[in-house]
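Reader: I am new to this structure. Could you walk me through it, one question at a time?

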Amino acid sequence: MAHESPLIGVLVFGLGLAFVLGTLANRLKLSPLVGYLLAGVLIGPFTPGYVADAGLTLQLAEIGVILLMFGVGLHFSPRDLLAVRAIAVPGAILQVAIAAVLGAGVAWWLGWPLATGLVFGLALSVASTVVMMRALQDRRLMDSERGRIAVGWLVVQDLLTVLTLVLLPPLAALLKGGAVLDTGTLLVSLAWTFGKLAAFVALMLVVGSRVIPWILHYIAHTGSRELFRLAVLSLALGVAFAAAELFGVSIALGAFFAGMILSESPLSQRAAEESLPLRDAFAVLFFVSVGMLFDPMTLLREPLALTMTVLVVLVGSAGSAFAIVRLFGYPLATALLIAAGLAQIGEFSFILADLGIGLKVMPERARALILGTSILSIFVNPFLFQGAEWLRKRAEPQPKPTPDKKASVQAPTTLSGHAVLVGYGRVGRLIGDGLKADGLPFLVIEEAADAVEALRGAGIECIQGNGADDPVLAASNLAAARILFVAIPEAFEAGQIVQQARKARSDLEIVARAHFDAEVEHLRQLGASAVIMGEREIAAAMLGYARTKAVA
Ligand code: AMP
């Protein structure tokens, strides 16, 4: 059946195996990414059994990339991007240069000519956006300053790759030592590339930033969720596709821009929510597709070369990024995050390898090494993040006031007899107003940067971070608190907060928020003193209204 309907085959086997192995990895306390990659290897052409259609898997994975980058863009205003340029631009250029030189060194050791070495080195120096974004999102770091620097860094790497893709064909002939460089043609093609890039950015900023929010606004008023979802998907996919087809911009960058121009629209949050389920499913296929390309025999055939290339990525790229970020005066936490995020390669490297091999500046063997390096580096990436986190905790028990202070945990509060309020959205804000009116001192734990800014502006004490993180909750001095309000909508995280707080103090009043009966039960079991379910309260209030009008 799978052979007659290759698309369904990819979805069934790709997603199914990713689900099974991802769950298994999760049980073993490994990152599910490991399971997804292995699922890819199993349905790839190098292992026996069912072989999925690689072309189709790649295309589906591209949809994941588009939605992922669109989602990243939604969190990112053009101002955010400009704010990090001082570190992201020189940092990324320097890091790519250092890693590329190291990669060229490995190529030289393998006996390859300089031209090959340069392309090979470049392919080893650019990180996978998908892997990095997933890592940031999983750790809820997208809204922190270090997260923004990481995104800026990747955008610069992305632009460098686009540039390389344009420059490589005319330079290939020269690098191979044959033809003479036709500077005129080269300049024209450079100007053409930059012109198209500038045209795309200008079009998006001038026209897109008006038309796209307008379309969404209009659709939102039809009241149809289905149409809104469709609008979000068509805009994200359409802009990314047009960016790549018409303007020569990478599909990822196109999607990022589409999201970014929406970031300031009040509908951006909803747009992000609507694209979430599809994004997650297709992003999984990205990892499956990487696994499919990998021939496990490379590990046996090229152990030494592969070790060297993996070291270029893990030590060369990540190490140089770490050093650069530190040299720019940023705190350890920022340097560790950027380093861990860049310690892997993926889609851009494959594209460069394809082109290099097509132009005959690189042998097929280079592709096997690049793919091997990619899968190994993505495999170890979650562990690097854990290691980085461990180092950060050891080295920075008391975060200092640094440029990254927005993202780091604050010193413990001096309040006592206070209320702790986790989440300052639609619910938390109302609770805060009430506490203020009652004159009860309180502090807020909130992870969204804009809400934190508003709180600080209003002179309300607050800790930025995820309430489910130990150090964040600890800084709120629960030992001396009077009550804890868990006013976030997500019951899983709320459960973690309730559980930790209950462990910290058996007699604390804990009030939590829920939306489903099962959540009420769950939160009660974990130790909440009271759980208020929004929907029940709404029903009660609606009925109450009807009764006052004597119609019920
Ligand atoms: P709302 O659903 O409008 O009440 O908004 C919930 C608020 O809680 C938002 O401002 C979120 O940023 C915030 N929030 C959600 N999860 C967490 C968390 N784990 N820690 C801290 N703040 C959170």
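Reader: Which domains does the assignment give, and how many ångströms (Å) lie between their C-alpha centres?
Author: This is a predicted model. The domain assignment gives domain 1 as 6–389 and domain 2 as 419–551. The C-alpha centres of domain 1 and domain 2 are separated by 38 Å.

Reader: What pLDDT does the protein average, and where is the pLDDT below 50?
Author: The average pLDDT is 88, and 95% of the residues score at least 70. One stretch has a pLDDT below 50, though in the model it has 22 contacts beyond near neighbours in sequence. Where pLDDT is low, the predicted coordinates should not be read in detail. The stretch is residues 399–409.

Reader: In what order do the six strands of the open sheet lie?
Author: The pairing in this sheet is parallel. Its edge strands, β3 (462–464) and β6 (530–533), each pair on one side only. Neighbouring strands are turned by 15 degrees against each other on average, direction ignored. The order is β3-β2-β1-β4-β5-β6.

Reader: Which residue of β5 is the bridge partner of L484?
Author: Strand β4 covers residues 483–486 and strand β5 covers residues 509–514. These two pair in the parallel sense over four bridges. In β5, the partner of L484 is I510.

Reader: Which strands does helix α21 touch?
Author: Helix α21 (residues 491–504) packs on the sheet. Its direction makes about 165 degrees with that of β4. The strands it touches are β1 (419–422), β4 and β5.

Reader: Which residue of β2 is the bridge partner of V420, and which is that of L421?
Author: β1 and β2 pair in the parallel sense over four bridges. The partner of V420 in β2 is L443. The partner of L421 in β2 is V444.

Reader: Are the faces of β1 covered or open, and which residues are on them?
Author: Both faces of β1 are covered. On one side sit A419 and L421, both buried. On the other, also buried, are V420 and V422.

Reader: Why is β2 largely enclosed by the rest of the structure?
Author: Both faces of β2 are covered. F442, V444 and E446 are buried on one side, and L443 and I445 on the other. β2 is largely enclosed because the buried residues number five of the five.

Reader: Is H418 buried or exposed, and what is its relative accessible area?
Author: H418 lies in the loop between α17 (364–395) and β1. Leaving out residues up to four places away in sequence, H418 touches ten residues' worth of neighbours listed as T413, P441, F442, L443, S476, N477, A480, A481, R482 and I483. The cut-off for buried is under 20%. So H418 is buried, with a relative accessible area of 0%.

Reader: How many Å separate the C-alpha atoms of H418 and R482?
Author: Along the chain, H418 and R482 are 64 residues apart. H418 also touches R482. Their C-alpha atoms are separated by 5.3 Å.

Reader: What is the phi of N477?
Author: N477 is in the loop between α20 (470–474) and β4. With a relative accessible area of 23%, N477 is partly exposed. Most residues other than glycine have a negative phi. The phi of N477 is positive, near 55 degrees.

Reader: Is K360 buried or exposed?
Author: K360 is in the loop between α16 and α17. Its phi is positive, near 65 degrees. The cut-off for exposed is over 50%. At 64% relative accessibility, K360 therefore counts as exposed.

Reader: What should the twelve residues of helix α16 span, and how far apart are its end C-alpha atoms?
Author: Helix α16 covers residues 347–358. At 1.5 Å a residue, the helix should span 16 Å. The end C-alpha atoms agree with that, being apart by 17 Å.

Reader: Which residues is Q157 in contact with, beyond four places in sequence?
Author: Q157 lies in helix α8 (residues 145–175). At 0% relative accessibility, Q157 counts as buried. Its contacts are A92, Q95, V96, S125, V126, A127 and L342.

Notes. Residues are numbered from 1 along each chain as its sequence is written. This is a predicted model: local features need pLDDT of at least 70, side-chain atom pairs count only at pLDDT 80 or more; totals for chains, interfaces and linings use all residues. Side-chain values use heavy atoms; hydrogens and water are left out. Two strands pair if DSSP finds at least two bridges between them. Axes are lines fitted to C-alpha atoms, for helices over the stretch in contact, and angles run from 0 to 180 degrees between N-to-C directions. Contact means heavy atoms within 4.5 Å. The expected span of a helix is 1.5 Å times one less than its number of residues. pLDDT is the predictor's confidence in each residue, from 0 to 100. Domain bounds come from an automatic or database domain assignment. Buried means under 20% relative accessible area, exposed over 50%, partly exposed in between (1.4 Å probe, protein chains only).
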